[in-house]
Amino acid sequence: MASRIIRIISLTLSMLFAVCCMAGCFGKVIVQDEEHAELPDVDPEDGVEKTVTVKLYYRLTNEEYLVGVESGVTVRAGERTEAAVIRTLIEGVPPLTPNVSALFPEGTSIENTYYEKGILYVTLSKEVLDDSMVSSLKEEDYQTHEDYRRAVDEATNEMYLRRRLGVLSIVNTIAGSDEGSRVQIMVDNEGSGTGSRMSYETFGFVDKRAEEIMEPMGFDESVIATPENVVGCLFERIANKQYDMAYALV
């Protein structure tokens with residue numbers, strides 16, 4: 001009789017143990033959720049410094065055109081490739097690259113870049129609008145008031161030309177390596193880290209209405225230095241007896 005009671009108790013304990021395991025008494029039972037989000041693909045080079053070859057657009061020295069220069073761009077760990085390309089443009093001309101010049105005032109930097117609906121938004125620091133090229137001119141440094149005004153007009157034209165070509169150098173570099181893409185240039189004019197869209201006039205686009213705000217831009221072929229454009233510049237410099245500038249074009 002006693003052995004029968006022991007067998008019944010043992011059987012009961014075994015059944016209780018099985019039920020507890022199923023109910024999670026001794027730990028949480030992990031069940032795979034059949035509905036789950038797909039993880040994004042991971043770039044094996046993400047977070048690793050690398051070098052990419054890009055055609056960067058710089059100014060054909062002293063002229064109103066841009067020249068494409070094939071150059072290696074170092075993309076730092078954690079840096080967007082587009083940001084690295086623009087940073088390289090801002091930093092200046094690659095070594096041993098004659099007859100081209102940089103376009104951005106000293107101190108200009110990238111505040112932010114991001115993509116939204118196929119448009120690359122680029123926010124530059126307020127230094128991109130530096131006007132010291134004009135404001136540093138002093139009338140007492142010139143023999144006549146007319147000479148001073150002429151110097152101010154020339155400096156103003158040059159400042160706006162550099163601004164316009166600077167914008168187009170970024171746009172053409174980015175859009176040139178990604179056909180069909182567009183770029184929206186903005187400026188952190190208040191130093192707050194937030195970019196604002198500026199008027200076309202601010203960046204010297206004389207073919208636009210002054211009050212219009214800059215829109216996303218695509219590749220602009222009109223500013224590319226073709227052989228015909230270079231020859232035209234050459235003859236113009238010779239006609240104006242600007243032989244040093246003509247020699248640079250040759």
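**Asking about the core and the sheet**

Me: What makes I185 a residue with contacts to others far along the chain in this predicted model?
Reply: Leaving aside residues up to four places away in sequence, I185 touches V122, L124, V167, I170 and M214. Contact means heavy atoms within 4.5 Å, so each of those five names has to meet that cut-off with I185.

Me: Why is the set with I185 called a nonpolar core?
Reply: Among the 39 residues of the largest nonpolar core, V167, I170, I185, F203, F205, M214 and M217 touch the most other members. Those names are Val, Ile, Phe and Met, which are on the list for a core; members must also be buried and joined through side-chain atoms within 4.5 Å, so the name fits. Elements giving two or more residues include β2 (66-75), β5 (119-125) and β6 (182-188). The top giver is α4, with seven residues.

Me: How do you know that β4 and β6 are edge strands?
Reply: The open sheet runs in the order β4-β5-β6, with mixed pairing. β4 (110-116) and β6 each pair on one side only, and that puts them at the edges.

Me: What makes β5 and β6 a pair?
Reply: Pairing takes at least two bridges, and β5 and β6 have seven, in the parallel sense, so they count as paired. L124 stands opposite V187 in β6.

Me: Which strands do the helices α2 and α4 meet?
Reply: α2 packs on the sheet and touches β4 and β5, its direction making about 145° with that of β4. α4 lies across β5 and β6, at about 145° to β6.

Technical notes:
Residues numbered from 1 in each chain as written. Predicted model: local features only at pLDDT ≥ 70, side-chain atom pairs only at ≥ 80, totals over all residues. Heavy atoms only, no water. Buried < 20%, exposed > 50% of the residue type's maximum accessible area, 1.4 Å probe, protein only. Helix = DSSP H or I, 4+ residues; strand = E, 2+ residues; numbered from the N terminus. Axes fitted to C-alpha atoms, helices over the stretch in contact; angles between N-to-C directions.
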